[in-house]
Amino acid sequence: MAVNLVNVENVSKVYGTRALLDGVSLGVSEGDRIGVVGRNGDGKTTLIRMLAKLEESDTGRVTHSGGLRLGVLTQHDSLDPEATVRHEVIRDMADHEWAGNAKIRDVLTGLFGGLDLPGFPQGLDTVIGPLSGGERRRIALAKLLIEDQDLVVLDEPTNHLDVEGIAWLAQHLRERRSALVCVTHDRWFLDQVCTQMWDVQKGDVYEYEGGYTDYVFARAERERIAATEETKRQNLVRKELAWLRRGAPARTSKPRFRVEAANELIADVPPPRDTSELMKFASSRLGRTVFDLEDVTVQAGPKVLLKHITWHLGPGDRIGLVGVNGAGKTSLLRALADAARSDGETQPVAGKVVVGKTVKLAYLSQEVAELKPTLRVLEAVQQVRERVDLGKGREMTAGQLCETFGFNKEKQWTPVGDLSGGERRRLQLLRLLMDEPNVLFLDEPTNDLDIETLTQLEDVLDGWPGSMIVISHDRFFVERTTDKVYALLGDATLRMLPRGIDEYLERRHRMEEVAAAAVPVVEKAAPAVSAADQRAAKKELQKIERQLDKVSEKEAKLHTQIADNATDFAKVAELDAQLRDLGGEREELEMRWLELAEDA
């Protein structure tokens, strides 16, 4: 029988006039893996701080089992700025001692990319004080994971980790024996790690069995039966449920939802996006050319990040861009944005970027633009535009779009200076969309956003007609909002990945194995590829990617023609046959692409 580690009994907590938690009773037992979700400001962090006895409750009590070994990662580390990484993480262990410890080696490699901490100026002997917040957070996480605990409590552990780091952390936590309570907005991570969910809402905590996918199903079922939530929010949950059920049915290893109930819930829910309709509308707004890159080289200072890139971003393309930190994702977006803002006058150090004449770009950077702090939220949005056209006859006022992004009528009159980081991020994105762009660059758009706001943003983007590039470490968001994934693997190239982020992680794993091996892999596999063959393979790869783009355009046109001729069955049959032929062509191109990628 599992031992009870923590008991939370009838706990309440009030801030000002607002009850964050009201008579909450919960427990954590050995082996529990609990994900905590809820809107920003609803009390998630307060709950786990009280659970860890870092904060006192107003009423009720929290008890720990005798001798409980507890590890906590808060949003603000307590590292000594004068100390080195070695002192904080490994303490006084001799090199041979810690290097012979498999757990320490795994943690250092997983969180820092190697035992010598590449990227840190003096490796393990780097002084902590001058480091960035993200680097300090990884050090605090490493320090915690190296220890043995009965219970690990983590507040936003995936912040400042890239896709590989998040995948490693999920695997590490699955293999740990300690119990886990984790606050995170990363839905993929929740599905990988958690077997229970706590949903913090308006002073209450609702408990669910299973990971994030199971939680979405169960919450939709609960809301359908109880009918206590507003219609708009119900529809958002049902829409996400439909995507999870149809698009990714195997996200959890032990689904606990009732499949019959889930199918009944989504019976009349259409797919999230009408791709052919969006492509048609995007083409009418953008024409044929959006961004064409011809033999482009991108630099950051003296460092060459990308070389000889030939790429086409077409109307309606929705691209996810992933890659190792420092590979050039943000630099690539900046190069395209500079060309767009200067009408093609500003060009990269080599090659050419052709920008469509009708391109109207909105670029959400990682920096939050400063606004006058006394300005009200609604006023900041109305400064851009009073109403916005979302396409297909949909129009929203500034106030309605504010509501969609979680700014209720009361919050719309809050001064910008009083907003949290996540709320400022929402406002920044909202102002961009109000300007009716037809091309969106989103660089880490999910930073500081809670899950409910993310689903609302995804809903807005589902109906947004234009071209879009998303850089994000939030795997769920990338898979949910984009149709293709391209990767920067740190070798100055840009590659399309037909199998998406799974393929990216596999490729990165292979690259790390090759780097770690003393002898090249080619000794055991095929003979080495010559430099000339590599160049030829890269050239053919770029050609195939252009062909794949053309196939996508043809498929979109055929979908449109099928919709336009829905009552002409002979015509539909003819068009459907063409569509099947294109599918076969796409499959052949993708197979050839995979073969060439190894040589390149």
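Mentor: Two strands pair if DSSP finds at least two bridges between them. Keep in mind that this model is predicted.

Trainee: Why are β12 and β19 called paired?

Mentor: Strand β12 covers residues 318-323 and strand β19 covers residues 484-488. Five bridges join them, in the parallel sense. The rule asks for at least two, so the strands pair. Leu 321 stands opposite Tyr 486 in β19.

Trainee: What makes β14 and β20 edge strands?

Mentor: The open sheet has six strands, in the order β14-β17-β18-β12-β19-β20. Its pairing is mixed. Strands β14 (361-364) and β20 (495-496) each pair on one side only. That puts them at the edges.

Trainee: Where is Asp 317 in the chain?

Mentor: In the loop between β11 (303-313) and β12.

Trainee: Why is Asp 317 called buried?

Mentor: Its relative accessible area is 10%. The cut-off for buried is under 20%, so Asp 317 qualifies.

Trainee: How do you know that Asp 317 has a polar contact with Gly 314?

Mentor: A polar atom of the Asp 317 side chain lies 2.7 Å from the backbone nitrogen of Gly 314. The limit is 3.5 Å. Across the sequence, the C-alpha atoms of Asp 317 and Val 290 are 9.6 Å apart, for residues separated by 27 along the chain.

Trainee: What makes Arg 475 and Asp 502 a salt bridge?

Mentor: N to O, their side chains meet at 2.3 Å. The rule allows anything within 4 Å, so the pair counts. Arg 475 lies in helix α17 (residues 475-481) and Asp 502 in helix α18 (residues 500-516), so the bridge ties together parts 27 residues apart in sequence.

Trainee: Which of the two is buried, Arg 475 or Asp 502?

Mentor: Arg 475, at 8% relative accessibility. Asp 502 has 39% and counts as partly exposed, because that class runs between 20% and 50%.

Trainee: How do you know that Asp 77 and Arg 136 link distant parts of the chain?

Mentor: They are 59 residues apart. Asp 77 sits in the loop between β5 (70-73) and α2 (85-89), and Arg 136 in helix α5 (residues 133-146). Their salt bridge spans 2.8 Å, N to O. Arg 136 is buried at 16%, whereas Asp 77 is partly exposed at 28%.

Trainee: What makes Glu 506 and Arg 499 partly exposed?

Mentor: Glu 506 has 35% relative accessibility, and Arg 499 has 46%. Both values fall between 20% and 50%, so both residues take that label. The two also form a salt bridge, with closest N and O atoms 2.8 Å apart.

Trainee: How many salt bridges does the rule give?

Mentor: The count is 24. Lys 13, Arg 49, Glu 55 and Asp 58 are linked in a network of them.

Trainee: Which residues have the most contacts inside the largest nonpolar core?

Mentor: Phe 291, Leu 293, Trp 311, Phe 405, Phe 441, Ile 469 and Tyr 504. The core has 86 residues. Helix α12 (residues 329-341) gives the largest share, seven residues. Apart from that core lies another, of 46 residues, among them Trp 98 and Phe 120.

Trainee: What does Tyr 504 touch?

Mentor: Its contacts include Val 163, Val 322, Val 324, Leu 488 and Leu 497.

Definitions and conventions. Residues numbered from 1 in each chain as written. Predicted model: local features only at pLDDT ≥ 70, side-chain atom pairs only at ≥ 80, totals over all residues. Heavy atoms only, no water. Core = buried A, V, L, I, M, F, W, Y, C linked by side-chain atoms within 4.5 Å. Buried < 20%, exposed > 50% of the residue type's maximum accessible area, 1.4 Å probe, protein only. Helix = DSSP H or I, 4+ residues; strand = E, 2+ residues; numbered from the N terminus. Contact = heavy atoms within 4.5 Å. Polar contact = N/O pair within 3.5 Å; in protein donor to acceptor, adjacent residues only side chain to side chain. Lists of a residue's contacts leave out its neighbours within four places in sequence.
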